[in-house]
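Me: I'm new to this one, so could you walk me through why things get the labels they get?

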Amino acid sequence: MALRAASISWTPAEGLAALRIAQHPATCGVAIGPDGAAYVTNNGGSFRFHAVDGLNIPGATPPEHQGGSIQRVDLATGEVTTPVLIDQDTREATKLIGPHGLAFRPPDQLFVVERYGNRIARINVKTGEVTR
């Protein structure tokens, strides 16, 4: 089974060392979680690129931007899921604002830099609860 989701390219037969993240503006980071899955940031198109003198320059966040997410890649099957994130205060579904880098703290905490939110979110990967 080949995996082609967002900007991830991988097949289980290739092994973990072959997991590749394509050069795509929505993907900024990947980390292996305590469950053995790969977690990938997807900023949801936080900005548009503009051609300036032959260069692609990031511009402002488009008004239709709905936020970003973390995508979980099961490395055994290639299945990609987008966990639902719940705001700790409002108890409502929430999005991340320009998720960029990420790191795990066992057993179940994921820290994500929300680059365009100017903050760090702590996510409980078992419950989806987000603390900012």
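Reply: Sure, here are some short questions and answers on this predicted model.

Me: What makes up the protein chain, in terms of helices and strands?

Reply: The protein chain has zero helices and 15 strands. Of its 132 residues, 39% count as buried.

Me: Why is Ile-57 called partly exposed?

Reply: Ile-57 has 36% relative accessibility, and partly exposed covers what lies between under 20% (buried) and over 50% (exposed), so Ile-57 counts as partly exposed. You'll find Ile-57 in strand β7 (residues 55–58).

Me: How do you know that Arg-72 forms a salt bridge with Asp-35?

Reply: Their closest N and O atoms are 3.0 Å apart, and a salt bridge needs that kind of pair within 4 Å, so the label fits. Arg-72 sits in strand β8 and Asp-35 in the loop between β4 and β5, so the pair ties together parts that are 37 residues apart in sequence.

Me: What makes Glu-114 buried?

Reply: Its relative accessible area is 0%. Buried means under 20%, so Glu-114 counts as buried.

Me: And why is Asp-87 called buried?

Reply: Asp-87 comes in at 15% relative accessibility, which is also under 20%, so Asp-87 counts as buried.

Me: Which residue meets Glu-114 in a salt bridge?

Reply: That's Arg-132, with a distance of 2.8 Å, N to O. Salt bridges that share partners join Asp-87, Glu-114, Arg-119 and Arg-132 into one network.

Conventions
Residues are numbered from 1 along each chain as its sequence is written. This is a predicted model: local features need pLDDT of at least 70, side-chain atom pairs count only at pLDDT 80 or more; totals for chains, interfaces and linings use all residues. Side-chain values use heavy atoms; hydrogens and water are left out. Helices (H or I, at least four residues) and strands (E, at least two) are DSSP runs, numbered from the N terminus. Buried means under 20% relative accessible area, exposed over 50%, partly exposed in between (1.4 Å probe, protein chains only). A salt bridge is a side-chain nitrogen of Lys or Arg within 4 Å of a carboxyl oxygen of Asp or Glu.
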